[in-house]
Amino acid sequence: MTLAPGLVARLTAMAERARLALVHPARDVVDQLERGEIDILVTGADRAHGELMQRPLFEDGFLSAQRKGHPRGIGPLDLDSFCALDHLLISADGGGFSGLVDDALAVLGRSRRVAVSIQTYALAPVILAHSDCICTLPRRFLIRFAHELDLTPPPLDLPPARIVALWHPRNQEDKGHAWLRECLYQAAAA
């Protein structure tokens, strides 16, 4: 959702016959990279693997989002209100009900109720627009939906989201792969 629009625009402008498949990574994504089934994995820095090549793409802060007309109103969120609301969580592995926000809350001796867990970012704006859940996600993603959602800083300190590109070392010198990586870097910098 964050990189694909810019990447696709660059690829179609520079190589109109190129084909690109964007897939949700499987649990054995490192094995898929090793087998050559996927070329590049875009993921959080925490999923980096020692034997894979990597390059940081960007860092991003977080915003909390809610539907327009949410019963809580608009404006800054305080920690008590934040913890009392129902939350939507994106669990990349599927079905998880705890994440980075929960870790930060635990340090403060607080918790929240994750009412909905989804596996893909694409569903988040749609679900938020039709529920009273709130969601805390990277700013770069949420800002695209500012016309549909109310956005505010979360009431707690969160480490920045660090997004990296990973690829197998055998592709490091491959000219086509290097070109694709460069397109990805340019999309990330835009």
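Are Phe141 and Phe145 buried or exposed? In this predicted model, Phe141 is buried, and Phe145 is buried as well. These two residues offer a convenient point of entry, since ring pairs link Tyr121, Phe141 and Phe145 into a cluster.

A search of the whole structure finds two aromatic pairs. In one of them, Tyr121 and Phe141 meet edge-to-face, with 5.0 Å from centre to centre and 80° between the planes. This pair links distant parts of the chain: Tyr121 belongs to the loop between strand E5 (113–118) and helix H5 (124–129), whereas Phe141 belongs to helix H6 (residues 139–142), 20 residues apart. The two partners can also be described by their accessibility. Tyr121 has a relative accessible area of 33% and is partly exposed, while Phe141, at 1% relative accessibility, counts as buried. Phe141 also forms an aromatic pair with Phe145, and here the arrangement is tilted, with the centres 5.2 Å apart and 55° between the planes.

Aromatic rings also take part in contacts with charged groups. The charged end of Arg55 sits over the ring of Tyr185, at 3.6 Å from the ring centre. Arg140 lies over the face of Phe58, and the distance to the centre of that ring is 4.1 Å.

The strands may be considered next. One open sheet consists of three strands in the order E1-E8-E2, with antiparallel pairing. Strand E1 (41–44) and strand E2 (53–60) stand at its edges; each has a single partner strand, so one side of each is left without a neighbour in the sheet. From one strand to the next, the twist averages 25°. E2 and strand E8 (residues 161–167) run antiparallel and are joined by seven bridges. Within this pairing, Asp60 has Ala161 of E8 as its bridge partner. Helix H7 (residues 175–189) packs on the sheet and touches E1, E2 and E8; the direction of H7 makes about 10° with that of E2.

The pairing of E2 with E8 is accompanied by a contact between charged side chains. Arg162 and Glu59 meet in a salt bridge, at 2.9 Å from N to O. Arg162 lies in strand E8 and Glu59 in strand E2, so the pair ties together parts that are 103 residues apart in sequence. Arg162 is partly exposed, with a relative accessible area of 41%.

Another open sheet of three strands has the order E6-E3-E7, and its pairing is antiparallel. Its edge strands are strand E6 (135–138) and strand E7 (149–152), each of which pairs on one side only. Neighbouring strands of this sheet are turned against each other by 40° on average, direction ignored. Strand E3 (residues 62–67) runs antiparallel to E6, and four bridges join the two. Ser64 stands opposite Thr136 in E6.

What remains is the wider set of charged contacts. Side chains of opposite charge can pair when their charged atoms come close. How many salt bridges does a search of the whole structure find? The search finds eight salt bridges, and the contact of Arg162 with Glu59 described above is a salt bridge of this kind.

Asp86 and Arg113 also meet through their side chains in a salt bridge, at 3.0 Å from N to O. Asp86 lies in strand E4 (residues 86–90) and Arg113 in strand E5, so this pair ties together parts that are 27 residues apart in sequence. Asp86 counts as partly exposed at 31% relative accessibility, and Arg113 counts as partly exposed at 49%.

Asp102 forms a salt bridge with Arg112, in which the closest N and O atoms are 2.9 Å apart. Since Asp102 lies in helix H4 (residues 100–107) and Arg112 in the loop between H4 and E5, the pair ties together parts that are ten residues apart in sequence. Asp102 is buried, and so is Arg112, whereas Asp86 and Arg113 are partly exposed. Finally, Asp28, Arg35 and Glu37 are linked in a network of salt bridges.

Conventions:
Residues numbered from 1 in each chain as written. Predicted model: local features only at pLDDT ≥ 70, side-chain atom pairs only at ≥ 80, totals over all residues. Heavy atoms only, no water. Phe/Tyr/Trp six-rings, centres within 6.5 Å; stacked < 30°, edge-to-face > 60°. Buried < 20%, exposed > 50% of the residue type's maximum accessible area, 1.4 Å probe, protein only. Lys NZ or Arg CZ within 6 Å of the ring centre and 35° of its normal. Pairing = 2+ DSSP bridges. Axes fitted to C-alpha atoms, helices over the stretch in contact; angles between N-to-C directions. Contact = heavy atoms within 4.5 Å. Salt bridge = Lys/Arg side-chain N within 4 Å of Asp/Glu carboxyl O.
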